[in-house]
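Visitor: I'm new to reading structures and would love a walk through this one. Could you take me feature by feature?

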Amino acid sequence: MRAIALSLFSVVLSIAVFAQPVHISPEPASVIQPRIAAKFSISPATQIVLEGSNLEHAAAFFNDYLQRFYLFSLKVNPNAKGDNVIRLNFDRLDKDLPGAYEMTVNNKGVYIGGDNEEGVFYGIQTLIQLLPVPDAKLKMRPNTLSIPYINIQDEPRFAYRGMHLDVGRHFLPLDFVKKYIDYLALHKMNYFHWHLTDDQGWRIEIKKYPLLTQVGAWRNGTIIGRYPGKGSDNKKHGGFYTQEEIKAIVKYAADRYVTVVPEIEMPGHGSAAIAAYPFLSCFPDEPTKLSPAMASDLFKKGTGKQVQETWGVFEDVFCAGKESTFKFMQDVMDEVIPLFPSSYVHVGGDECPKESWKRCPQCQQRIAENKLKDEHELQSYFIQRMEKYLNSKGKVLIGWDEILEGGLAPKAVVMSWRGEQGGIDAAKQNHDVIMTPGNPVYFDHSQSMNEDSVTIGGYNGLDKVYAYEPIPAALNAEQGKHVMGAQANLWTEYIDNGPKAEYMIFPRMTALSEVLWSPAKKRNWDYFQQKLLTQFKRYELWNAHYSKAFFDLRSVIEPDVNAGGVTWTLSTKQKNIQLQVTDGKKMKAGSKPGVDEYHLAIRKSGTYTATQLINGKQVGVPVSVSLLFNKATGQKITLETPPSASYAGSGGFTLVDGIQNDRGMTRSREFLGFSGGDCTASIDMGKNVDAERVTVHIFHEPGSWIWRPQTIQVWGSAYGIEWTSLGLTDDVKMVNAGNGTMEVKFNKANIRFIKVKVTNWGTIPEKNPGAGTPAWLFVDEIEIN
């Protein structure tokens, strides 16, 4: 407990009229500062006093931080007297979740009292954020650090505050994994989800099965660029962690109060393991399939099973009909479990095609003997059998939300990634859930609309991450208690080094930490943006790469309220900016310095470029938009069925905004995506016009489960009530890789309303990624001419 009296320690006291606000992320539950700006100084003479047991890790972390970034450390002295000390202790705070702490900084010193050692450690993270941030470019660092007087009461909102790291697609070295864990600790995050196996690589040593790392940890090439790529780089890639290295990582994380959750994928995403041990496949003698356009030279020369060299979902999965498969899985778990003290083991369970099981006699026999309805129930059988084994070892199974299909394992925790619905369904069945929806917490998606490197596509901006609420509105208060928390996922198809990984997580990780730690009522986007400027300086101090998309010129095409065109809205976070817009030929418009938002009405086709200027000099990267006008552009549009929340674009307006997506998933926000459903849109052109052709821009990328439409059908109407069919087509003209058009021509008609139905392909055909599941329909622009 707190000592009755705290010793005074020497301070350098400064007096000002008002105290300056502190910038702490995640925002504490309660921060009280005196109006008078008093400060005290930490210097090499300051000592740390541990007034409770097991507080060494917290003190060591603080000292390591001081040494690395301020070039001095403090003596830990349990018997220190006087007033120049930082005291760490325990307090009975009586909070719902472990990790609460209180901090007092005043003329009696620094006191951090936690409800347990973890709480004290989180108090240390807050103390670190009170330190002044020096210029990272300066070699000399201050050895007197003035911090403000303050009183803080703080506690976590969620029990599970996680970050995921995929090392299967690209292996990342041990030192970076440690750095990644440090980033979690600095943000008061407490779960590290380590994705250790996938089709492209097996990364954990299993002594009973040495070929898993001798063969399964290496591939002979990787596709160049975004899927489907431009051939193979023909470079051998791989690596793995020994069991001793795993133990070192787990201890490193535990010292920072981070729990490591291992993921061993099953029954899908098993190509690397199957390459090492072909008996795990339903068809061991069938060679691994890969398009020659994607394969390395060595892959083409090889035979039999090989580690995959491209991305996506593959139908060669672990055989659910063989007992030898379950023996292998249990043997693997027997070596994995002792390495990870975590209560949880993640088994994947996602994206498992059923085509091999459908034609496998042993799988069909398993279905018959266990009176299973279909292959979905066979997957449920697989997961439930592994859950029983894990439970017998004292572990709880976590799986992606596909484990709901065919029946949920009795004690399983569901990680909801395909939106929130999986988490909602699981919570309503009284299962614990961890929310990790692709939109907005897949950090492999771009965080800038001006993409400056290859990503998997999508757009999850900083503001979307900060606005995320992990407890869905569809859950009542009791059901909401099953939401353990959330995590962000960093898949590494297009991330092959540590700096790129840092760039993708920062500053979004800081935003997510506030979502998961801070009380919901304390979140304030405007104030967070102010704090972010200080946080950027911390990233620079850490020598961490981070995205500066926050300062991007934001570009949004919006409906023109007066119709007849669109409005280009431009906004900036930069100060004292002048915006200059050209149409590619001449100056289109400009703004006065100091503007932070600008609206430009556009009435004709063209490529428009906006540039930020300070004192006449360019700042940042210009942003451009190419608009192709037709009779539908900017007009009122109504959708009969809303698109998926993951690919909602700007709603129906996305289809008439004048932007034709020629960059595929790079600009996925310019599509509307429908999972298994059709897209039916009615367009009101405001007056009767002559029309004779409707063109629908679509996307076709089967590797991503996105299929061209079956048909498009067009109707016309004078008043939008009675509709006359104008035509139907099933013909697609592919423009480039993935992008295509479907066109209906008809006799010239003078009409005001056009209705277009774009029919989903339906179920993905056999022998294709995602076979047997509903196809995605991606629709871009609708043209009327």
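Guide: We'll go from the overall build to a barrel, a helix pair and a few backbone oddities. This is a predicted model, where local features need pLDDT of at least 70, side-chain atom pairs count only at pLDDT 80 or more, and totals for chains, interfaces and linings use all residues. Residues are numbered from 1 along each chain as its sequence is written, and side-chain values use heavy atoms, with hydrogens and water left out.

Visitor: How many helices and strands does the chain have?
Guide: Helices (H or I, at least four residues) and strands (E, at least two) are DSSP runs, numbered from the N terminus. Here there are 18 helices and 37 strands. The radius of gyration, taken over C-alpha atoms, is 29 Å, close to the 28 Å from the globule rule for 785 residues, so the chain is as compact as a globular protein of that length. That rule is 2.2 Å times the number of residues to the power 0.38.

Visitor: Which strands make the closed barrel?
Guide: Strands of a sheet pair through backbone hydrogen bonds, either parallel or antiparallel. Two strands count as paired if DSSP finds at least two bridges between them. In this barrel 8 strands run E10-E11-E16-E17-E18-E19-E20-E21, with parallel pairing. Take E10 (residues 160–166) and E21 (residues 483–488): they pair in the parallel sense over 4 bridges, and Arg161 has Ala486 in E21 as its bridge partner.

Visitor: What about helices H3 and H16: how do their axes cross?
Guide: Axes are lines fitted to C-alpha atoms, for helices over the stretch in contact, and angles run from 0 to 180 degrees between N-to-C directions. The axes of H3 (residues 174–186) and H16 (residues 498–505) come within 11 Å and cross at roughly 20°. H3 and H16 are therefore roughly parallel (angles under 35 degrees count as that, over 145 as roughly antiparallel, 65 to 115 as roughly perpendicular and the rest as oblique).

Visitor: Which residues meet there?
Guide: Contact means heavy atoms within 4.5 Å. Phe176, Lys179, Tyr180 and Tyr183 of H3 meet Gly498, Ala501, Glu502 and Ile505 of H16.

Visitor: And where are the backbone oddities?
Guide: Most residues other than glycine have a negative phi, and most peptide bonds are trans. The bond from Tyr227 to Pro228 is cis, with omega near 5°, and Pro228 sits in the loop between E14 (218–219) and E15 (237–238). Leu71, not a glycine, has a positive phi of about 70°; Leu71 lies in the loop between H1 (56–70) and E4 (75–76).
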